[in-house]
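Hi everyone, thanks for making time this morning. Let me put the structure up on the screen, and then I'll walk you through the parts I'd like us to look at together.

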Amino acid sequence: LLRASMIVNMDSVTEIFLKLLFLLCVHRQHMAVTGNKYNCDDQLVSALPQSSFSSSSELSSSHSPGFARLNRREGAGGWSPLVSNKYQWLQIDLGERTEITAVATQGGYGSSDWVTSYLLMFSDSGQNWKQYRQEESIWAFSGNTNADSVVYYKLQHSIKARFLRFVPLDWNPNGRIGMRIEAYGCTYRSEVVGFDGKSCLIYTLNKKLINTLKDVISLKFKTMQSDGILLHREGQNGDHITMELTKGKLSLLINLGDTKTHPPNAQINITLGSLLDDQHWHSVLIEHFNNQVNFTVDKHTHHFHAKGEFSYLDLDYELSFGGIPVPGKSGTLSRRNFHGCFENIYYNGVNIIDLARRH
């Protein structure tokens with residue numbers, strides 16, 4: 001835990017002057033080595049120890065989940081559960097949060113046991129699971145038609161998780177469930193900061209280097225709390241931009257506070273997502289180009305044109321993550337600060353958490 005106020009001066013005019021103020025605490029979690037995004041297809045399962053495999057049940061010790069590696073023939077030649085039904089699963093612990101880009105399956109070696117369709121689930125904790133989705137629906141993967149051919153599937157959207165779980169849906173009617181599997185990907189770069197509901201992180205910008213016509217903010221968050229302020233930026237005349245979690249939904253509020261200068265309909269409040277307090281990671285992207293704003297939560301984007309003189313929002317040079325730095329600073333906001341984790345916060349390409357870590 002870091003309990004300090006920190007100011008970092010950078011002499012080069014080509015770099016951004018920044019000030020990182022930790023009002024109460026900032027907690028830095030594990031940071032993995034960055035993966036090669038252009039070659040993220042390493043085999044992830046083949047070298048794992050036996051202890052990394054688990055299952056709902058096993059037919060015998062020679063059908064245990066540790067024998068479920070692709071193209072291997074040890075034991076009975078793969079995993080098979082005690083009973084073949086839709087309540088069985090095969091699970092892999094990758095050891096750390098990993099980017100998974102593809103999966104592959106086989107049946108049990110030289111047998112009549114293979115899976116013809118299955119679901120893929122993933123988790124960071126091994127307890128709270130999420131199902132892989134594609135085209136806005138839960139995706140059932142097509143499996144095998146014999147015991148030994150490999151069926152490879154490139155994921156449309158990569159998964160970032162530590163645990164993978166294969167859930168058989170259908171299998172050879174003349175045999176039983178049998179699986180050998182592989183997953184492909186690379187180590188995932190993860191820089192995480194935790195907030196306790198009373199803290200926030202402030203990033204102060206160099207006034208000379210700010211382009212008010214273009215802003216890009218991206219981050220991921222995870223929480224069990226249904227309410228909390230993720231981002232806030234305020235000006236002297238009541239103008240402010242706030243991103244807030246309310247009842248498990250994420251709202252982006254853009255308010256041009258001076259009604260004498262701006263029309264009343266200049267206030268914008270866009271809400272996206274639901275049940276975002278499920279302790280899974282959710283991605284957020286805000287892109288502001290002139291009056292065009294793109295607000296994306298996970299894979300859902302709302303495009304809109306801001307009314308009024310949005311390009312000339314009277315905003316100060318502090319961007320606050322996780323809450324409002326001074327309680328009651330904004331008269332319209334009296335909600336709680338964020339309680340949970342942020343991952344990989346970027347503002348116009350600047351890695352905010354990395355700056356906090358290094359400085």
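Let's go straight to the cysteines: Cys40 and Cys186 form a disulfide, and their sulfur atoms sit 2.0 Å apart. Please keep in mind that this is a predicted model. The structure holds one disulfide, so to speak of "the" disulfide is fair. The torsion about the S-S bond of Cys40 and Cys186 comes out at about -90°, so this disulfide is left-handed. What does the pair tie together? Cys40 lies in the loop between strand S3 (27-28) and strand S4 (42-43), while Cys186 belongs to strand S13 (residues 180-187), so the link joins parts that are 146 residues apart in sequence.

Are these two cysteines buried or exposed? Cys40 counts as buried, at 9% relative accessibility, and Cys186 is buried with a relative accessible area of 4%. Two further cysteines are worth a glance: Cys200 is buried at 1% relative accessibility, and Cys341 counts as buried at 15%.

Now, a word on confidence. The average pLDDT for the protein is 81, and 77% of the residues score at least 70. Over residues 1-37, though, pLDDT stays under 50, and the model has 93 contacts beyond four places in sequence for that stretch. Where pLDDT is low, the predicted coordinates should not be read in detail. So please treat those 93 contacts of residues 1-37 with care, because pLDDT is under 50 there.

Stepping back to the whole chain, what does the secondary structure come to? The protein has one helix and 26 strands. Of its 359 residues, 50% are buried. Among contacts with a separation of 6 or more, 72% are between residues 24 or more positions apart. The accessible surface is about 17000 Å², and carbon and sulfur atoms account for 50% of that.

Next, the inside. The largest nonpolar core has 37 residues, and those with the most contacts inside it are Phe221, Met243, Leu250, Phe295, Phe321 and Phe342. Helix H1 (residues 352-358) supplies the largest share of this core, with four residues. Apart from this core lies another one, of 26 residues, among them Val103, Tyr132, Ala161 and Met179.

Let's zoom in on Phe295. Leaving aside neighbours within four places in sequence, which residues is Phe295 in contact with? The list includes Met243, Leu250, Leu252, Ile270 and Leu272, and also Val284, Leu285 and Ile286. His300, Thr301, His302 and Phe304 are in contact with Phe295 as well.

My last stop is strand S6 (residues 90-106), where we find Glu99. Glu99 is buried, with a relative accessible area of 9%. What does the side chain of Glu99 make a polar contact with? The partner is the side chain of Ser158, at 2.9 Å.

Leu94 is in strand S6 too. At 11% relative accessibility, Leu94 counts as buried, because the cut-off for buried is under 20%. Beyond four places in sequence, Leu94 is in contact with Leu44, Leu48, Ile100, Ala161 and Arg162. Ala161 came up a moment ago, as one of the residues in the core of 26. Finally, Leu94 and Pro49 are 45 residues apart in sequence and 9.8 Å apart in space, C-alpha to C-alpha.

That's my tour, and I'm happy to go back to any part of it.

Technical notes
Residues numbered from 1 in each chain as written. Predicted model: local features only at pLDDT ≥ 70, side-chain atom pairs only at ≥ 80, totals over all residues. Heavy atoms only, no water. Helix = DSSP H or I, 4+ residues; strand = E, 2+ residues; numbered from the N terminus. Buried < 20%, exposed > 50% of the residue type's maximum accessible area, 1.4 Å probe, protein only. Contact = heavy atoms within 4.5 Å. Areas by Shrake-Rupley, 256 points an atom, 1.4 Å probe, with all protein chains shown as cover. Core = buried A, V, L, I, M, F, W, Y, C linked by side-chain atoms within 4.5 Å. pLDDT = per-residue confidence, 0-100. Polar contact = N/O pair within 3.5 Å; in protein donor to acceptor, adjacent residues only side chain to side chain. Disulfide = S-S within 2.5 Å.
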